[in-house]
Amino acid sequence: MKTTVTARHCEIPEEVRSRAEDVAEKLARLAHRPQRMEVVFDDDHQRRVVELKMSLPRGQTLIATAEETDFRTALDRAAERLRSQLEKNVQRGPHRQPAA
């Protein structure tokens, strides 16, 4: 899976960038055939926003956003939201008829 980490209007420390890559890798293990993961850090005045976008097969995209006072906490909250979406996605599962 390809992971892209982007910072808008700010600089992020290397430790936060590596943490984002680790989180993306862990979330990829929960997904069925993930294709791409984008992590976007945005500093809009006093708001620290992290957005996670995961592209799955058949054009499906999961997006989770969190806003906190620091990037690390926002990353953890967004990861938890994306994990919740992935768990719901797995529960739905494919609705196929069994082969006769």
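E68 is partly exposed, with a relative accessible area of 22%. That value places E68 just outside the buried class, because buried means under 20%. In this predicted model, the side chain of E68 meets that of R77 in a salt bridge, at 2.6 Å from N to O. R77 is partly exposed as well, and its relative accessible area is 43%. E68 closes strand β4, which covers residues 61-68.

The overall layout can be stated briefly. The protein chain contains 2 helices and 4 strands. Along the sequence, these elements follow the pattern β-α-β-β-β-α. The protein chain has 100 residues, and 33% of them count as buried. About 6900 Å² of the protein chain is exposed. Carbon and sulfur atoms supply 43% of that area. Contacts across the sequence were also counted. Among those between residues at least 6 apart in sequence, 46% join residues at least 24 apart.

Strands β3 and β4 form a hairpin. Strand β3 spans residues 47-55 and runs antiparallel to β4. The two strands are joined by 8 bridges. Within this pairing, L52 stands opposite A64 in β4. The hairpin has 5 residues between its strands. R58, in this hairpin, takes a positive phi near 65°.

Positive phi values also occur at two histidines. Most residues other than glycine have a negative phi, and most peptide bonds are trans. H9 is not a glycine, yet its phi is positive, at about 60°. H9 sits in the loop between β1 (2-8) and α1. With 67% relative accessibility, H9 counts as exposed. H45 likewise has a positive phi of about 60° without being a glycine. The loop between β2 and β3 holds H45. H45 is exposed, and its relative accessible area is 70%.

Strand β2 (residues 36-44) includes D42. D42 is buried but takes part in no salt bridge. The nearest side chain of opposite charge belongs to R8, 4.3 Å away. A salt bridge requires a nitrogen within 4 Å of a carboxyl oxygen, so the 4.3 Å between D42 and R8 falls outside the cut-off. Beyond residues up to four places away in sequence, D42 touches R8, H9, R47, R48, V49 and F71.

F71 also takes part in an aromatic contact. The structure holds 1 aromatic pair. It is formed by F41 and F71 in an edge-to-face arrangement. The ring centres of F41 and F71 are 5.3 Å apart, and the planes meet at 85°. F41 lies in strand β2 and F71 in helix α2 (residues 71-92), so the pair ties together parts that are 30 residues apart in sequence. Both F41 and F71 are buried.

Charged pairs were searched across the whole structure. Side chains of opposite charge can pair when their charged atoms come close. The search finds 8 salt bridges. One of them joins D44 and R47, whose closest N and O atoms are 3.6 Å apart. D44 is partly exposed, with a relative accessible area of 33%. R47 is also partly exposed, at 38% relative accessible area. A network of salt bridges links D44, R47 and E67.

A further salt bridge connects the side chains of R29 and E25, at 3.1 Å from N to O. These two residues are 4 apart in helix α1 (residues 14-30), so about one helical turn separates R29 from E25. R29 counts as exposed, at 60% relative accessibility. E25 is partly exposed, with a relative accessible area of 45%.

Another sequence-distant approach involves E87 and L30. E87 belongs to helix α2. E87 is partly exposed, and its relative accessible area is 45%. In sequence, E87 and L30 are 57 residues apart. In space, the C-alpha atoms of E87 and L30 are 7.8 Å apart. L30 is the last residue of helix α1, which covers residues 14-30.

Note on methods: Residues are numbered from 1 along each chain as its sequence is written. This is a predicted model: local features need pLDDT of at least 70, side-chain atom pairs count only at pLDDT 80 or more; totals for chains, interfaces and linings use all residues. Side-chain values use heavy atoms; hydrogens and water are left out. Two strands pair if DSSP finds at least two bridges between them. Buried means under 20% relative accessible area, exposed over 50%, partly exposed in between (1.4 Å probe, protein chains only). Contact means heavy atoms within 4.5 Å. Accessible areas come from the Shrake-Rupley method with a 1.4 Å probe; for residues, only the protein chains shown count as cover. Lys and Arg count as positive and Asp and Glu as negative; His and the chain ends are not counted. Rings of Phe, Tyr and Trp (its six-membered ring) pair if their centres lie within 6.5 Å; planes under 30 degrees apart count as stacked, over 60 as edge-to-face and the rest as tilted.
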